[in-house]
Amino acid sequence: MDFKVLDHPLVAHKLTCLRDINTKSPTFRDLVDELVTLLAYEATRNVRVRPIAIQTPVAEAAGVALLDPKPLVVPILRAGLGMLSGMTRLMPTAEVGFVGMVRDEETLEPFTYAERLPHDLSGRQCFVLDPMLATGGSLSGCVEFLAERGANDVTCICLLAAPEGVENFRALVDDLNITTTLVVAAVDERLNEHGYIVPGLGDAGDRLYGIV
Ligand code: PRP
Ligand code: URA
């Protein structure tokens, strides 16, 4: 697995604002949006392109266009939805699939309640969005869905990760034997006894959308 932690002062600054307990939902949503666009710049470094020729007002020029099949962006509902517009802003022609998962707060196991993905993902670059990589159960479950449909090139974008989650996720993708990249804004200290990232930012879904 290729693992990248973005080391950038703007990312660190926006992450600090995001973590702050006094940051309210509207600002939290804007910060997530901005952070994802910064992370997406790094996460799309290997997006496949093909050469094309165009005409500028001055001369012919060689350029590139995104290669078909179009990349697939997969936010893990609910909190991953807050990352979608930041990603599609950078790749507007990408298509979007959905996986809905919620963690059982006792067992910390993810339960999948929705899935809307193309049946055949062979040859398709996939970009999974999930703000929190805690135990890694949700992200691993989602990547397993993609691999079952033939995806073999998956990039995951998370805002915060716990070391335990990164290692669990690494073990899964090593077993799946697919090309995987994980891009995160920061790796925090640890998980607490409730499976929350410390210091983290709390419950990302609740901070984006309110408590349900
Ligand atoms: C949160 C978060 C991740 C998951 C991470 O979702 O958005 O998907 O927990 O935890 P894990 O790495 O231990 O699986 P949650 O289950 O709270 O659902 P929500 O997005 O609907 O709030
Ligand atoms: N899910 C969250 O939203 N936050 C955490 O710290 C862990 C899982």
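Helix 4 and helix 5 are roughly parallel to each other (a label for angles under 35 degrees, with over 145 called roughly antiparallel, 65 to 115 roughly perpendicular and the rest oblique), because the two pack at an angle of about 15°. This is a predicted model, in which local features need pLDDT of at least 70 and side-chain atom pairs count only at pLDDT 80 or more, while totals for chains, interfaces and linings use all residues. Residues are numbered from 1 along each chain as its sequence is written, and chains are lettered from A and ligands numbered from 1 in the order in which they are written.

**Helix packing**

- Helices (H or I, at least four residues) and strands (E, at least two) are DSSP runs, numbered from the N terminus.
- The axes of helix 4 (137-148) and helix 5 (residues 163-176) are 10 Å apart; axes are lines fitted to C-alpha atoms, for helices over the stretch in contact, and angles run from 0 to 180 degrees between N-to-C directions.
- The crossing of helix 4 with helix 5 is right-handed (the near helix is turned clockwise from the far one by less than a right angle; anticlockwise would be left-handed).
- Helix 4 brings Leu139, Ser140, Val143 and Ala147 to this contact, and helix 5 brings Asn168, Phe169, Leu172, Val173 and Leu176 (in contact means C-beta atoms, placed from the backbone, within 7 Å).
- By class, the contact of helix 4 with helix 5 holds 7 nonpolar, 2 polar and no charged residues (Ala, Val, Leu, Ile, Met, Phe, Trp, Tyr, Cys and Pro count as nonpolar, Asp, Glu, Lys and Arg as charged, and the others, Gly among them, as polar).
- Turning to the N-terminal pair, helix 1 (residues 9-19) packs on helix 2 (residues 25-43) at about 155°, with the axes 10 Å apart, and the two are therefore roughly antiparallel.
- Helix 1 and helix 2 cross in the left-handed sense, through Leu10, Val11, Lys14, Leu15, Cys17 and Leu18 on helix 1 and Phe28, Leu31, Val32, Glu34, Leu35 and Leu38 on helix 2.
- The contact of helix 1 with helix 2 comprises 10 nonpolar, no polar and 2 charged residues.

**Ligand surroundings**

- Around ligand 1 there are 23 residues, the closest being Arg78, Ala79, Thr135, Ser138 and Gly205 (a residue is near a molecule or strand if its C-beta atom, placed from the backbone, lies within 6 Å of it).
- Strand 6 (98-103), strand 9 (132-133), helix 4 and helix 6 (204-209) each give at least two residues to the shell around ligand 1, which divides into 12 nonpolar, 7 polar and 4 charged.
- Ligand 2 is surrounded by Met132, Ala134, Tyr196, Ile197, Gly200, Asp203, Ala204 and Gly205, a shell of 5 nonpolar, 2 polar and 1 charged.

**Strand pairing**

- Strand 6 pairs with strand 7 (residues 110-116) in the antiparallel sense over 6 bridges (strands pair if DSSP finds at least two bridges between them).
- Glycine 100 has alanine 114 of strand 7 as its bridge partner.
- The hairpin of strand 6 and strand 7 has 6 residues between the strands, and leucine 108 there takes a positive phi near 65°.

**Backbone details to look at**

- Aspartate 68 and proline 69 are joined by a cis peptide bond with omega about -5°, and proline 69 sits in the loop between strand 3 (60-66) and strand 4 (72-77).
- Another cis peptide bond runs from leucine 77 to arginine 78, with omega near 0°; arginine 78 belongs to the loop between strand 4 and helix 3 (84-88).

Definitions and conventions: Contact = placed C-beta atoms within 7 Å.
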